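Student: Please show me how to read this model, one feature at a time, with the general idea before the particular case.

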Amino acid sequence: MTPLLSALTGDADMERLLSDEAQVAAMLAVERALAGANADAGFISPAAAEAIDAAIDGFAADFDALAHGMARDGVVVPALLAQVRGSVADPHGPALHKGATSQDIVDTALMLQLAKALELIEGRIGDLISRLGTLQAEHGDKPLTAHTRMQVALPTTWRPKLQSWSEPLSRHLKALAGMKRSLLVVQLGGPVGDRGSFEGHGEAIAAGMAKRLGLGIAAPWHAERDPIVGLGDALARVTGSLGKLGADVALLAQTEVGAVTLTGGGGSSAMPHKSNPVSAEVLVALGRYNAGLAGILQQAMIHEYERSGAAWTLEWLTLPRMLVSTAAALRLATALLDQIRIA
C-alpha cells in the first residue's frame with residue numbers, strides 16, 4: 001500500500017505490529033523459548049540454551065539478506081537461522097532450532113503478533129461501544145424518521161438506530177474474546193507435524209514453549225487452518241458492522257435528509273460548499289474489501305498433505321490486510337462519531 005492510500009485506509013499502529021521487524025522479533029522469541037524448553041526436557045544441554053539465549057540477546061538482523069532468503073526459500077526462517085547461528089558460541093550452533101521446522105517458528109510467532117493485534121482491536125471496539133453509549137444517553141430520545149428499502153417509513157427515535165450500531169459490536173467483542181483460547185496456541189510439530197523429531201520429548205517441549213510465551217497448548221496444526229479462517233470471519237463481521245454504520249451516516253448526512261451534519265468533512269476541488277462524508281464512505285469500502293478477503297482466506301484452508309506452500313503464502317497475503325483494514329475501520333469509525341452532530 002502506498003503512503004497516500006495508507007493515510008486513508010491504513011493504520012500505523014497495526015502496521016507496526018505486523019512489520020518485518022515485529023515478525024523477526026517474535027520469531028526470535030519463539031527460538032529462545034524453544035531452546036529453553038528443549039533444555040528443560042533434556043533434549044539439548046543447558047549450556048546450549050544459554051549460548052542461544054546470549055546470541056539472540058545481541059542479534060541484529062540483516063534484512064536485505066533475509067529478503068534474499070525469503071525469495072529463495074519461500075520462508076524467512078532458514079536465512080534467519082543462518083544469521084543467528086553464526087553468533088552462537090561453539091559447539092552449540094546445532095542446538096538452535098533443534099527438532100523444529102520453519103512453520104513451527106512462523107506460526108507461533110504469528111500467534112504472538114496476533115495477541116497484540118487483538119488487544120488493539122478489542123480496545124478500539126470497546127471505545128466505540130462507550131462512545132455510542134454516550135450518544136445514546138444524549139440523543140436517544142430525539143425523533144428520527146425511519147427509512148425502509150430507501151423510502152420514508154415511520155417516525156422513531158435515535159435510540160434504536162444507535163443500538164443497531166452498538167449491539168453488533170458488543171457481540172463481536174465477545175466473540176473475539178471467546179476465540180482466543182483456541183486461536184492463540186503454540187505450534188510445534190517438527191518436519192512432518194507429528195513431533196517425532198523431538199524423540200519423545202515433544203509434548204513436554206510444546207508445554208514449556210507455551211508457558212514461556214504465554215500461549216495455549218495445542219496439538220500440531222500445520223495444515224489445520226480453521227482457527228485462522230475463523231479469525232478472518234470475525235474481522236469481516238467487525239468491518240461489516242462498521243460499514244453498516246458508515247452507510248447509515250452517509251445517507252443521514254445527505255443534504256435532502258439532514259438528520260446529521262458532519263464537522264470537518266472532506267473538501268471538493270470544484271464545489272467548496274461540500275463537506276463529503278469521507279470516513280463514512282471508507283467504512284463502507286473497507287467492509288466490502290474485508291468481506292472479499294474473508295473469502296480468499298477461506299481458500300487458504302486447503303493444504304495438500306502435511307503442508308502447502310501455496311496455501312501458506314495465500315494466508316500471508318490476506319490475513320495482514322484484514323487486520324490492518326479492521327484497525328483502520330475502527331480508527332475511522334471513532335473519528336466519524338466525533339464528527340457527528342445530531343440535528
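Student: Let us begin with the largest pocket; which element gives the most to its lining?

Tutor: Helix α12 gives the most to that lining, with eight residues. Helices (H or I, at least four residues) and strands (E, at least two) are DSSP runs, numbered from the N terminus. Keep in mind that this is a predicted model, in which local features need pLDDT of at least 70 and side-chain atom pairs count only at pLDDT 80 or more, whereas totals for chains, interfaces and linings use all residues. Residues are numbered from 1 along each chain as its sequence is written, and side-chain values use heavy atoms, with hydrogens and water left out.

Student: How is a pocket found, and how many residues line the largest pocket?

Tutor: Rolling a probe the size of a water molecule over the atoms shows where empty space is left. On a 1 Å grid over the protein atoms alone, a pocket is an open set of points where a 1.4 Å probe fits, with protein on both sides within 12 Å along at least five of seven lines, and a lining residue has an atom within 4 Å of a point. The volume is the space filled by probe spheres set on the points, which are joined across faces, edges and corners. Here the largest pocket holds about 640 Å³ of space, and 25 residues line it, with L18, D20, Q23, M70 and W316 nearest its centre. Two or more lining residues come from each of α3 (20–40), α5 (63–73), α7 (102–139) and α12.

Student: What is the chemical make-up of that lining?

Tutor: Ala, Val, Leu, Ile, Met, Phe, Trp, Tyr, Cys and Pro count as nonpolar, Asp, Glu, Lys and Arg as charged, and the others, Gly among them, as polar. By that scheme the largest pocket has 16 nonpolar, four polar and five charged lining residues.

Student: Where does the second largest pocket draw its lining from?

Tutor: That pocket contains about 410 Å³ of space, and among its 18 lining residues A146, H147, K161, L251 and L252 are closest to its centre. Strands β1 (143–148) and β2 (151–157) and helices α8 (158–183) and α10 (226–252) each give two or more residues to the lining, which divides into eight nonpolar, six polar and four charged residues.

Student: How far apart are the end C-alpha atoms of α12, and what span should one expect?

Tutor: The expected span of a helix is 1.5 Å times one less than its number of residues. For the 31 residues of α12 the expected span is therefore 45 Å, and the end C-alpha atoms are indeed 45 Å apart, which agrees. At the N-terminal end of α12, S308 acts as a cap, since one of its side-chain oxygens lies 3.3 Å from the backbone nitrogen of A310.

Student: Within that helix, is S325 buried or exposed?

Tutor: Buried means under 20% relative accessible area, exposed over 50%, and partly exposed in between, with a 1.4 Å probe and protein chains only. S325, which lies in α12 (residues 309–339), has a relative accessible area of 1% and so is buried. A polar atom of its side chain lies 2.8 Å from the backbone oxygen of R321. Contact means heavy atoms within 4.5 Å; not counting residues up to four places away in sequence, S325 touches T239, L286, Y289 and N290.

Student: Which residues does G10 contact, with the same sequence neighbours set aside?

Tutor: G10, in the loop between α1 (3–9) and α2 (12–17), is in contact with M1, L5, E15, V324, A328 and R331 once neighbours within four places are left aside. G10 counts as buried because its relative accessible area is 3%. The C-alpha atoms of G10 and L332 are separated by 9.9 Å, although these residues are 322 residues apart along the chain.

Student: Where does the backbone take a positive phi in a residue other than glycine?

Tutor: Phi is near 65° at M150, in the loop between β1 and β2, and near 55° at E199, in the loop between α8 and α9 (202–213). M150 is exposed because its relative accessibility is 62%, and E199, at 59%, is likewise exposed. As a separate backbone feature, the peptide bond from D90 to P91 is cis, with omega near 0°, and P91 lies in the loop between α6 (77–85) and α7.

Terms used
Polar contact = N/O pair within 3.5 Å; in protein donor to acceptor, adjacent residues only side chain to side chain.
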